[in-house]
Amino acid sequence: MTPVLAGIDVGGTNTKVVLATTELEVIDRRDLPTPAHAGGAAIVDAALGVVTDLLEVHRASLAGVGVGAAGVVDATTGTVLVTGNSFTGWAGHGVTAHVSERLGVPATLDNDVNAFLLGEVAAGAVVGERDVLGMTLGTGVGGALVLGGSLFAGPRGAAGEIGHVPGFGDGLCTCGQHGHLETIAAARGMAARYEAATGRRLPVHTIADAARAGDADALSVFDTAGWGIARGILLTAGILDVTTVVIGGGVARAWDLLSPAIAAAIAAEPPVSGASIRVEPSTLGSDAVALGAAAQVRARVLAAVA
């Protein structure tokens, strides 16, 4: 039977399972509701049930399972450390031990934003790049770094947390502090800015439609978000000399609105190095986290063989 990899993206609402070749070509994918309040074992078992079904359908043998999960994780021990209130009993669960015990294959676990970036480097918008900033624009703003071809987590695992860099006004951030990039470039912050201007609370995709229809307040929300994203990119370029960026997440679906504002802000204050900055939207879309997790376990499998 053909050896394959499984990548799992565990979100608070949905879990995505991708079956891929060792070249990271998608064979099949399934989405399922996450049993987020049933505990860690139930969350993992639900995903592994889908993996098992896909293996039977495609008559394939499993080489490894990679998992990407929202929240703070310990990639070394394969354990979830901290989660939001959308989960119950997920923090503290030994994910990789559970997977390996159940399926008898190597397993890896990482933060979902790290997995997103690994996916885009391995098979997406920035294939082969060795120094990249990854940003995800969703309910919050996530960030991750690949330096010299490897994930760089920093001594406390917080490297790349571009969403919580201050200097972007005085809005209250989800972390409790003020003026972070997340307050102007994440869905929640963008909706709040539009509501403050118009008195109407709308989801970001509806604000995007309004902007395309010429709504000045909606356009201002996206212009401000694009400016903030560009500032985060320029900070990274100035401090780390990283000038390749990939951006994903639900807010990035309005790339036609964000991209001009990002480009204009970067053109106005280019990095002192004189290097051009490459900013790409995700090409893997909703597969990015699962494929990045598969790429991570692939590296573990290949290292074991070597």
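**Exposed turns, helix faces and a pocket in a predicted model**

Arg59 is exposed, with a relative accessible area of 68%. The cut-off for this class is over 50%, so a value of 68% places Arg59 among the exposed residues. The structure is a predicted model. Arg59 sits in the loop that joins H1 to E4. The backbone of Arg59 is also notable, since its phi is positive, about 50°, although the residue is not a glycine. Most residues other than glycine have a negative phi.

Asp241 is a further case. Phi of Asp241 is positive, near 60°, and this residue too is not a glycine. Asp241 lies in the loop between H7 and strand E11 (244-248). With 51% relative accessibility, Asp241 counts as exposed.

The overall fold can be described next. The protein contains nine helices and twelve strands. Its radius of gyration is 19 Å, close to the 19 Å that the globule rule gives for 306 residues, so the protein is as compact as a globular protein of that length. The C-alpha trace spans about 55 × 40 × 35 Å along the principal axes. Of the 306 residues, 49% count as buried. Contacts were also sorted by distance along the chain. Among those between residues at least 6 apart in sequence, 62% join residues at least 24 apart.

Helix H2 covers residues 95-103. Its buried residues are Val95, Thr96, His98 and Val99. Seen down the axis of H2, these residues fall within an arc of 160°, so they line one face of the helix. The cover over them includes helix H1 (40-58) and strand E4 (60-69). Strand E6 (79-82) and strand E7 (107-111) are also part of that cover. Just after H2 comes Gly104, with a positive phi of about 70°.

Helix H6, residues 204-212, can be read in a similar way. The buried residues of H6 are Val204, Ile207, Ala208, Ala210 and Ala211. They cover an arc of only 160° around the axis, which puts them on the same side of H6. Here the cover includes helix H5 (187-198), helix H7 (216-240) and helix H8 (255-268). H6 is followed by Gly214, and the phi of Gly214 is positive, near 100°.

Helix H8 holds Ala261. This residue is buried, with a relative accessible area of 13%. The limit for buried is under 20%. Beyond four places in sequence, Ala261 touches Phe222, Asp223, Gly226 and Trp227. One of these partners, Gly226, is 35 residues away from Ala261 in sequence. In space, the C-alpha atoms of Ala261 and Gly226 are 4.8 Å apart.

Gly12 belongs to the loop between strand E1 (2-10) and strand E2 (14-20). Gly12 is partly exposed, at 29% relative accessible area. Its contacts beyond four places in sequence are with Thr34, Ala36, Ser86 and Phe87. Val51 is 39 residues from Gly12 along the chain, and their C-alpha atoms are separated by 19 Å.

The second largest pocket was examined as well. Rolling a probe the size of a water molecule over the atoms shows where empty space is left. The volume of this pocket is about 280 Å³. The pocket is lined by 14 residues, and the closest to its centre are Leu118, Val121, Ala122, Gly149 and Ser150. Helix H3 (112-123), strand E10 (150-151) and helix H9 (288-305) each supply at least two residues of the lining. H9 gives the most, with four residues. By class, the lining has seven nonpolar, four polar and three charged residues.

Helix H3 also holds Asn114. Asn114 counts as buried, at 15% relative accessibility. Leaving aside residues up to four places away in sequence, Asn114 touches Ala144 and Leu151.

Definitions and conventions:
Residues are numbered from 1 along each chain as its sequence is written. This is a predicted model: local features need pLDDT of at least 70, side-chain atom pairs count only at pLDDT 80 or more; totals for chains, interfaces and linings use all residues. Side-chain values use heavy atoms; hydrogens and water are left out. On a 1 Å grid over the protein atoms alone, a cavity is a set of points where a 1.4 Å probe fits but cannot get out, and a pocket is an open set with protein on both sides within 12 Å along at least five of seven lines; lining residues have an atom within 4 Å of a point. Grid points are joined across faces, edges and corners, and a volume is the space filled by probe spheres set on the points. Ala, Val, Leu, Ile, Met, Phe, Trp, Tyr, Cys and Pro count as nonpolar, Asp, Glu, Lys and Arg as charged, and the others, Gly among them, as polar. Buried means under 20% relative accessible area, exposed over 50%, partly exposed in between (1.4 Å probe, protein chains only). The arc is that of the directions from the helix axis to the C-beta atoms. Contact means heavy atoms within 4.5 Å. The radius of gyration is taken over C-alpha atoms; the globule rule is 2.2 Å times the number of residues to the power 0.38.
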